[in-house]
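This briefing covers a two-chain model, topic by topic. Please read the points below alongside the sequence and the coordinates.

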Amino acid sequence: MKRNIFIITLFILFFVNSTISAQEFKGIDKNPHDIAYYRANKISPPIIKVLYGRPQNSGDEVFGSTIPFDKVWGVGANEATEIRFFQDVVFGDIKVKKGTYVMYAIPQEKEWTIILSSNLDVWGSYEYNEKYDVARVQAKVSRAEQIDVFSIGFKEKGKKVNMALGWDTTRVTVPIIL
Amino acid sequence: MKKRYFYAALIITLFFSGQNFAQSLQGLDKSPLDITYLRPNKLSAPLIKVIYGRPIKQNDIVFGEQVPFGKIWRTGDNEATEVKFYSHVKVGDKIIKPGTYILHTIPGEKEWTIILNSNTDTWGAFFYDESKDVARIKVPTKQAESLDIFSIAFKQSYNNTYMVLAWDTTRVNIPIETKSQILAEL
């Protein structure tokens with residue numbers, strides 16, 4: 001009986017504690033989030049939306065070093081990067097239904113694997129599980145000027161939209177057909 | 001006020017600059033975006049998710065100066081603040097369906113008007129459309145220690161959940177009944 005009371009007390013203490021810590025206000029994250037939209041024009045409704053954390057480096061090599069090759073990466077920082085398609089699309093060469101997905105990548109020197117997963121609201125790549133894969137596509141690596149902040153942007157190319165991932169001197173492009 | 005003109009100019013520039021802007025990979029925003037989740041515990045699925053821009057205090061007084069009273073506010077910065085409910089919730093006397101909404105507020109000295117609206121993926125409060133309101137409630141303000149960065153957090157006690165808006169010395173506790181609390185009432 002005493003033991004039960006002890007456990008209940010412990011439980012209550014834990015509960016009260018956790019509610020207090022939940023109320024604390026956090027500072028600004030050193031890898032802040034950002035949103036990248038693709039819209040047909042600036043006032044039309046969005047077609048693609050990416051919500052991602054933006055890690056930074058200070059001139060050191062990133063891929064193959066800070067972010068190792070051949071391992072699943074959260075394509076950002078903190079909460080796993082989320083991509084939402086407002087209509088059905090062809091992502092790389094795979095048909096993907098409209099909806100929200102988590103995006104992962106496996107960086108490599110010449111070609112990356114980009115993964116869309118249906119397991120949402122997860123942290124980094126720790127909870128990555130292949131069974132939730134919706135698409136896996138290969139994307140070419142190209143080189144450009146050095147940038148310090150991990151960035152995602154869109155570039156229109158005829159009927160395609162290229163999603164560009166950029167950090168350091170690395171650029172990775174995934175064609176998306178609308 | 002200057003900031004408003006700046007944003008208006010920015011938006012006009014955006015409209016006319018067309019695709020160029022979208023092509024470039026952008027630097028970091030000075031009001032970075034953040035995510036706040038309400039989860040009953042660290043491992044459980046989320047109940048509520050808030051995505052919001054976090055402006056930093058510039059004037060001595062935020063509400064009434066940097067953010068004017070009596071005018072609709074994006075309740076953050078840049079893109080309108082977004083709230084996602086993973087199950088039914090009750091705000092004021094309205095039951096709100098699971099889904100994504102934007103959060104706007106009208107700050108006042110003693111009380112704020114809290115607005116949930118379904119016109120999502122909009123910039124600031126420039127595209128506010130009252131016909132898309134799903135809830136509108138009034139919440140009294142409270143005072144607490146000064147905070148430089150606009151913050152949104154959740155406060156939960158045994159039978160109450162509050163979404164707390166906090167900046168400068170102002171706190172606004174928005175009551176949100178989650179599903180278990182709604183069921184307990186029946």
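In chain B, Q156(B) faces T161(B), which belongs to strand 9 of that chain. The model is predicted, with an ipTM of 0.78 and a pTM of 0.82. The points below begin with that strand pair and then turn to confidence, the two folds, the contact between the chains, the nonpolar core and single residues.

**Strands 8 and 9 of chain B**

- Strand 8 (residues 133-156) of chain B and strand 9 (residues 161-175) of chain B run antiparallel and are joined by ten bridges.
- The connection from strand 8 of chain B to strand 9 of chain B is a hairpin through four residues.
- D168(B) is located in strand 9 of chain B.
- The phi angle of D168(B) is positive, about 55°, although D168(B) is not a glycine.
- D168(B) counts as buried because 22 C-beta neighbours lie inside 10 Å, and 20 are enough for that label.

**Confidence**

- The average pLDDT of chain B is 87, and 86% of its residues score at least 70.
- Among the elements of chain B, the lowest mean pLDDT, 38, belongs to helix 2 (residues 19-23) of chain B, and the highest, 98, to strand 7 (residues 111-117) of chain B.
- In chain B the pLDDT is below 50 over residues 14-23, a stretch with eleven contacts in the model beyond near neighbours in sequence.
- Where pLDDT is low, predicted coordinates should not be read in detail.

**Make-up of the two chains**

- Chain A has one helix and nine strands, in the order α-β-β-β-β-β-β-β-β-β from the N terminus.
- Chain B has three helices and nine strands, and its elements follow the order α-α-β-β-β-β-β-β-β-β-β-α from the N terminus.
- Of the 178 residues in chain A, 28% are buried.
- In chain B, which has 186 residues, 32% count as buried.
- For chain A, 51% of the contacts between residues at least 6 apart in sequence join residues at least 24 apart.
- For chain B, residues 24 or more positions apart make up 51% of the contacts with a separation of 6 or more.

**Contact between the chains**

- Chain A contributes 33 residues to the contact and chain B contributes 32 residues.
- On the side of chain A that touches chain B, at least two residues each come from helix 1 (2-23), strand 1 (33-39), strand 2 (46-53), strand 8 (133-157) and strand 9 (160-177) of chain A.
- Strand 8 of chain A gives the most to this side, with seven residues.
- By residue class, the side of chain A that touches chain B holds 14 nonpolar, nine polar and ten charged residues.

**D34(B) and its surroundings**

- D34(B) is part of strand 1 (residues 33-38) of chain B.
- Leaving out residues up to four places away in sequence, D34(B) touches D29(A), P32(A) and H33(A), as well as Y52(B) and R54(B).
- D34(B) counts as buried because it has 24 C-beta neighbours inside 10 Å.
- From D34(B) to S151(B) the C-alpha separation is 9.1 Å, with their positions 117 residues apart in sequence.

**Nonpolar core**

- The largest nonpolar core has 61 residues, of which I48(A), M103(A) and L116(B) touch the most other members.
- In soluble globular proteins, nonpolar side chains tend to be buried together.
- Apart from neighbours within four places in sequence, I48(A) contacts Y38(A), I83(A), F85(A), F154(A), V161(A) and I176(A).
- M103(A) belongs to strand 6 (residues 99-106) of chain A and is buried, as 24 other C-beta atoms lie within 10 Å.
- Not counting residues up to four places away in sequence, M103(A) touches V75(A), T81(A), I83(A), I114(A) and L116(A).
- M103(A) and G76(A) are 27 residues apart along the chain, and their C-alpha atoms are 9.5 Å apart.

**A loop residue with positive phi**

- N78(B) sits in the loop between strand 2 (48-53) and strand 3 (82-85) of chain B.
- Phi of N78(B) is positive, near 55°, in a residue other than glycine.
- N78(B) is buried because 20 other C-beta atoms lie within 10 Å, and the label requires 20 or more.

Definitions and conventions: Residues numbered from 1 in each chain as written. Chains lettered and ligands numbered in written order. Predicted model: local features only at pLDDT ≥ 70, side-chain atom pairs only at ≥ 80, totals over all residues. Contact = placed C-beta atoms within 7 Å. Nonpolar A, V, L, I, M, F, W, Y, C, P; charged D, E, K, R; others polar. pLDDT = per-residue confidence, 0-100. Core = buried A, V, L, I, M, F, W, Y, C linked by C-beta atoms within 7 Å. Buried ≥ 20, exposed ≤ 12 C-beta atoms within 10 Å, placed from the backbone. Pairing = 2+ DSSP bridges.
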